[in-house]
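Please walk me through this protein model, starting from its overall layout and ending with its charged contacts.

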Amino acid sequence: MAKALQKRAQVTREKILDGLESLLASAEFEEISIAQLANVAGVAVGSVYSHFKDKDALLPALLDRQLERIKARLAELRETG
């Protein structure tokens, strides 16, 4: 049961970060509201706050996710030559 909750929490977090990426394609971070982000991500406003302390916590999380993706891609390239 705990694993299912962790998986669901991770999916929600990813939806929020995906929504932020989507919004950043056409708006400045300062212009984006939490309500707007929640709407685009398809989650409740409370869900955003349950995963992120405040709006300022979103950008470091997005950066961390991008860095992890880059590291994974580099590892893949090293393996395949």
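The paragraphs below go from the whole chain to its core, its surface and its salt bridges.

The model is predicted, not experimental. The protein chain has four helices and zero strands, and the order of elements from the N terminus is α-α-α-α. Taken along the principal axes, the C-alpha atoms fill a box of roughly 45 × 40 × 20 Å. Of the 81 residues in the chain, 25% are buried. The chain exposes about 5700 Å², and carbon and sulfur atoms supply 55% of that area. Contacts between residues at least 6 apart in sequence can be sorted by separation: 62% of them join residues at least 24 apart.

The interior comes next. In soluble globular proteins, nonpolar side chains tend to be buried together. Here the largest nonpolar core has 17 residues, and I16, L20, L37, V48 and L58 are those with the most contacts inside it. Helix 1 (2–24), helix 2 (34–41) and helix 4 are the elements that give two or more residues to this core. V48 can be followed in detail: with residues up to four places away in sequence left out, V48 touches I16, I34, L37, A38 and V43. Two of these partners, I16 and L37, are also listed among the core residues with the most contacts.

T12 offers another view of helix 1, where this residue is located. T12 counts as buried because its relative accessibility is 16%, and the cut-off for buried is under 20%. Beyond its neighbours within four places in sequence, T12 is in contact with V43, S47 and H51. V43 is thus a contact of T12 and also a contact of V48.

Not every nonpolar side chain is covered. Which residues make the nonpolar surface patch of about 430 Å²? The patch is made by L63, L67, I70, L74 and L77. L67 is found in helix 4, which spans residues 58–80. With a relative accessibility of 39%, L67 counts as partly exposed.

Helix 4 also carries R65, and that residue is a useful entry to the polar contacts. Is R65 buried or exposed? R65 is buried, because its relative accessible area is 8% and the limit is under 20%. Residues up to four places away in sequence aside, R65 touches E14, L17, D18 and E21. The side chain of R65 makes a polar contact with the side chain of E21 at 2.9 Å. R65 also forms a salt bridge with D18, in which the closest N and O atoms are 2.9 Å apart. D18 lies in helix 1 and R65 in helix 4, so this pair ties together parts that are 47 residues apart in sequence. The two partners differ in cover: D18 is partly exposed at 37% relative accessible area, whereas R65 is buried at 8%.

A search of the whole structure finds six salt bridges. Some of them lie within helix 4. One joins the side chains of E68 and K71, at 3.7 Å from N to O. Both residues are in helix 4, three residues apart, about one turn of the helix. E68 counts as partly exposed at 48% relative accessibility, while K71 counts as exposed at 51%; the two fall into separate classes because exposed means over 50%. Another salt bridge joins the side chains of E76 and R73, at 2.7 Å from N to O. E76 and R73 are likewise both in helix 4, three residues apart, about one turn of the helix. Both are partly exposed, E76 with a relative accessible area of 43% and R73 with 44%. Elsewhere, salt bridges that share partners join E14, D18, E21, R65 and R69 into one network.

E14, a member of that network, has its place in helix 1. E14 is partly exposed, with a relative accessible area of 23%. Its contacts, leaving aside neighbours within four places in sequence, are with R65 and R69. By way of a distance across the model, the C-alpha atoms of E14 and K53 are separated by 16 Å, and these residues are 39 apart along the chain.

Note on methods. Residues are numbered from 1 along each chain as its sequence is written. This is a predicted model: local features need pLDDT of at least 70, side-chain atom pairs count only at pLDDT 80 or more; totals for chains, interfaces and linings use all residues. Side-chain values use heavy atoms; hydrogens and water are left out. Patches are made of residues with over 30% relative accessible area and no salt bridge: like charges are joined within 9 Å, nonpolar side chains (Val, Leu, Ile, Met, Phe, Trp, Tyr) within 5 Å. Accessible areas come from the Shrake-Rupley method with a 1.4 Å probe; for residues, only the protein chains shown count as cover. A salt bridge is a side-chain nitrogen of Lys or Arg within 4 Å of a carboxyl oxygen of Asp or Glu. Buried means under 20% relative accessible area, exposed over 50%, partly exposed in between (1.4 Å probe, protein chains only). A polar contact is a pair of N or O atoms within 3.5 Å; within protein, one must be able to donate a hydrogen and the other to accept it, and residues adjacent in sequence count only if both atoms are side-chain atoms. Contact means heavy atoms within 4.5 Å. A nonpolar core is a set of buried Ala, Val, Leu, Ile, Met, Phe, Trp, Tyr and Cys residues joined through side-chain atoms within 4.5 Å.
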